[in-house]
Amino acid sequence: MPGMILLALLVLSAAAYALGQRRVLRMVGGPTRSRALASRPRYYGTYVALWCAVPALGLLLLWVFLEPMVLDQLVLRHLPESYRSLPPERVSLLLNDIKNLAKGGIASGQPDPAVRDAVEHYRNLQSLAKTALWVVVLSLSAVGLQFGYRKIHITFRARNKVEKVVETFLIIASTIAIFTTIGIVFSVLFEALRFFRLVPWWEFLFGLKWSPQMAIRADQVGASGAFGMVPVFTGTLLIALIAMSVAAPLGLLSAIYLSEYAPRAFRTAVKPILEILAGIPTVVYGFFAALTVGPLVRRVGESLGFAVASESALAAGLVMGIMIVPFVSSLTDDVITAVPNDLRDGSLALGATRSETIKRVVLPAALPGIVGGLLLGVSRAIGETMIVVMAAGLAANLTFNPLAAVTTVTVQIVTLLVGDQEFDSPKTLAAFALGLVLFVVTLILNIIALYVVRKYREQYE
Amino acid sequence: MNKPFVTTSSSGVSSPSRTVTIVQASLHKRYRAEKRFRLLGLSAVICGLAFLAFMFVDIISKGYTAFLQTMVLVDIDVDPGEVHVGNLDQADYQGLVKKSLEKLFPEVTGRQEKRELYALVSSGAGTVVRQRVLEDTSMIGKTIALWVPANDDVDMVVKGHVERNLPESERRLGDRTLGWIEALESQGRITTRWNKTFFKSGDSREPELAGILGATAGSFYTILVTLVLSFPIGVAAALYLEEFAPKNRWTDLIEVNINNLAAVPSIVFGLLGLAVFLSFFGLPRSSPLVGGLVLTLMTLPTIIIAGRASLQAVPPSIRDAALSVGASRMQAVFHHVLPLALPGMLTGTIIGMGRALGETAPLLMVGMVAFIVDIPRGFTDPATVLPVQIYLWADSAERAFVEKTSAAILVLLAFLIAMNAAAVYLRNRFERRW
């Protein structure tokens, strides 16, 4: 339905554009004399079209958001008193039933006359709302058209007005990033605070036991569950550590080789191939880690006489490390090429070999940038989800043994939130508390890393 | 390796000949270190390449057989007693298939044995018969020879994924079933064909009936929402920040913000989607609309950063020339700078869309993991996407789903490679170097 209205609005504004342009041209006395206008004729057309479309669009958007709430209230008011005094979750269940019935679906249980009446009422309201929406939006659009049409005359500065509107749109678009951040902070913080009302924050931050699954039923043994995030976080750090001990040397060395040693042809052939690694979806890495690398690690470990868990931290960490290699190597590549050639030439002129130049001159000069890149890599490893969801375990073991199964923050968020959710159980809210920790930790890492990289760049610019 | 390479004698007065001897004596060692370092770098590159090759070979070797489906030839008596004009839709077609199997192996009598015999063909075999009868009702009363899909366990044996000479206790199929398969094979009643079902159907609990069309359609709608929202907004934001914004603390804040958002873990965007779009705005769960909104927020920073880079690459002389002949700033930007920067922006957008297409974690949060059989037909239908489908299948226990998962990965990678190739083509075709 909004689609049809949008189409109608589009047609109307196209007409408005044509009308505006025609009116101003007629005022000035034909297209040949358009130089006498304050702006080009099409700006007048655009001006009228904007008046026709923008207010109507705003109203449409507002309506689409508000309509369900208003309809709910109206239907509720229509229901007998006995229904309205039900607890809020029962009321929302009832509303759901009414909506389902109105759509022609089925509801839970047999509807009684009052509910059936409400369904009828809801249907009527819906069709009324639909008609009202058409009438209101189209008339607002017509009023806008009329207003814009009246306003234009030969000396009217249409271009300035239109450009102002466009600029406003650009500003709004650029602030969406800010709103996203605010949205993230508030949605995570709000739910996390609700969680901390149920479980004290010191218990969450410093508790050594994590077993949220126990908190399903109130009368169960250990019903309070255990929400100590220490084992979860150490698991995350362990896997990130393994990943970085693969990614850091491989990424650094391959970047150094490709930028300092490799022949041009080799570089142009190999670099895009290595970048494929960065483009592969993480779910593919996860599948590979779970089905190929995991069993492989286990077989190798057992043939050497170690006890290896089937979902070892090592397998997930190794594959994650490979995933981060292109990330580290492209950042390293950037900072190495940013080191001025004078430094290299100076060292080579003193008789140093190339590797000596790299190790003693280029790398120390590029160090801040490299550290920044590695920090970004760590933040990635901590936030990576699919590889660990598929290849790491669920049990929160407090261990630093890479051959044991550990769990991570992201794995726990996914397991707690996928499936049925109740928004007031500590189990669901714990996921948001973990999300808050994840967000804060990666944010700090990112800020430090971006700051270091920026400072470093300025040094050589 | 770390010895100083410039030596002076301790007295401070160095004789040239002595220095030369020392340097020459160490040269051999230093050149060796040089070679070692170089080899180390090369081996790191090779390591990355080898891993990539290993992964591709592994996935392709696991997945290519999923494009084929084992079929069994059965002779079906379309019994007018079972199927007549009145019940064309609900007749027991699966029963007809079972009867034709019984006729092929008349020696099977016991109940347990019969059940095993029926399990040779897929539970979707009846649908194949039904379609054939619906197409041509004159078949009623005749015997038709029809290829029907085999069960997934049979499929695995025929394709050689399960060793036939394993001891019986380690196989999913008993010796009896293997005997039947061999009998059918010797009669030429088993073949493998191009697996159309895989591309034409939605998800299913039966591996041989599961397909990727539903997930592909879901991915299509989700990416469409993402593209329609993130491209104009991303371009607009890049334009404002690069061309119009005054340099002050507010724009600095926006810039830092965008850079940070680009590095926020994707799952956090999923939490945002769950709390804001689902709980607060009450948008429909599991829908491409919500998935697209979440992915939009996730890809916007990438598009903005790429857009700004390509705007920076347009030389200032273009702007100056436009302004000097009387264009307004808006006109200079929209008529001259933007068209020149657009190829670069499009490249960035395609790369961002590629990332969105392969993204899984945030979509798990907004409920796109449900088991959905129907193919979505709009932006608010419950849907899943290709990467999530891969995740769901990878979690399934059946051996046959390993093959399907790998094949779905191959399809996803094919899409991604096509997108990246388009981005590279665009860059090479339209990008101007100044």
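This is a dialogue about how to read a predicted model with chains A and B.

Student: Where should I begin with two packed helices, such as α1 and α5 of chain A?

Tutor: Two packed helices are described by the angle between their axes and by the distance between those axes. In this model, helix α1 (residues 2-28) of chain A packs against helix α5 (residues 113-151) of chain A with an angle of about 15°. Their axes are 10 Å apart.

Student: Are α1(A) and α5(A) roughly parallel or roughly antiparallel to each other?

Tutor: Angles under 35 degrees count as roughly parallel. α1(A) and α5(A) are therefore roughly parallel to each other. Their crossing is right-handed.

Student: Which residues of α1(A) and α5(A) meet?

Tutor: From α1(A) the list includes I5(A), L9(A), L12(A) and R23(A). On the side of α5(A), L133(A), W134(A), V137(A) and Y149(A) are among them. By class, the residues of this contact are 12 nonpolar, three polar and one charged.

Student: How many residues of chain A and of chain B are in contact?

Tutor: 73 residues of chain A are in contact with 69 residues of chain B. Helix α6 (residues 158-198) of chain A gives the most to the side of chain A that touches chain B, namely 20 residues. That side of chain A holds 48 nonpolar, 19 polar and six charged residues.

Student: Which domains does the assignment give for each chain?

Tutor: For chain A the domain assignment gives domain 1 (2-156) and domain 2 (226-459). The C-alpha centres of these domains of chain A lie 49 Å apart. For chain B the assignment gives domain 1 (16-64), domain 2 (67-200) and domain 3 (213-430).

Student: What separates domain 2 of chain B from domain 3 of chain B, and how many residues does their contact take from each?

Tutor: The centres of domain 2 and domain 3 of chain B, taken over C-alpha atoms, are separated by 45 Å. Domain 2 of chain B puts nine residues into the contact, and domain 3 of chain B puts in five. On the side of domain 2 of chain B, the elements that give two or more residues are α5 (152-159) and α7 (196-200) of chain B. That side has five nonpolar, one polar and three charged residues.

Student: Now the sheet in chain B. What is the order of its strands?

Tutor: Strands of a sheet pair through backbone hydrogen bonds, either parallel or antiparallel. Here three strands form an open sheet in the order β2-β1-β3 (chain B), with antiparallel pairing. β2 (143-149) and β3 (190-194) of chain B are the edge strands, each pairing on one side only. On average, neighbouring strands of this sheet are turned by 40° against each other, direction ignored.

Student: How many bridges join β1(B) to β2(B), and how many join β1(B) to β3(B)?

Tutor: Strand β1 (residues 68-77) of chain B pairs with β2(B) over seven bridges, while five bridges join β1(B) to β3(B).

Student: Which residues could I look up to see the pairing?

Tutor: Towards β2(B), I76(B) has I144(B) as its bridge partner, and L73(B) stands opposite W147(B). Towards β3(B), V72(B) stands opposite I190(B).

Student: Which helix lies across β1 and β2 of chain B?

Tutor: Helix α4 (residues 125-135) of chain B lies across these strands. Helix α4 of chain B runs at about 135° to β2(B).

Key:
Residues numbered from 1 in each chain as written. Chains lettered and ligands numbered in written order. Predicted model: local features only at pLDDT ≥ 70, side-chain atom pairs only at ≥ 80, totals over all residues. Contact = placed C-beta atoms within 7 Å. Helix = DSSP H or I, 4+ residues; strand = E, 2+ residues; numbered from the N terminus. Nonpolar A, V, L, I, M, F, W, Y, C, P; charged D, E, K, R; others polar. Domains from an automatic or database assignment. Axes fitted to C-alpha atoms, helices over the stretch in contact; angles between N-to-C directions. Parallel < 35°, antiparallel > 145°, perpendicular 65-115°, else oblique. Left-handed = near helix turned anticlockwise from the far one by under 90°. Pairing = 2+ DSSP bridges.
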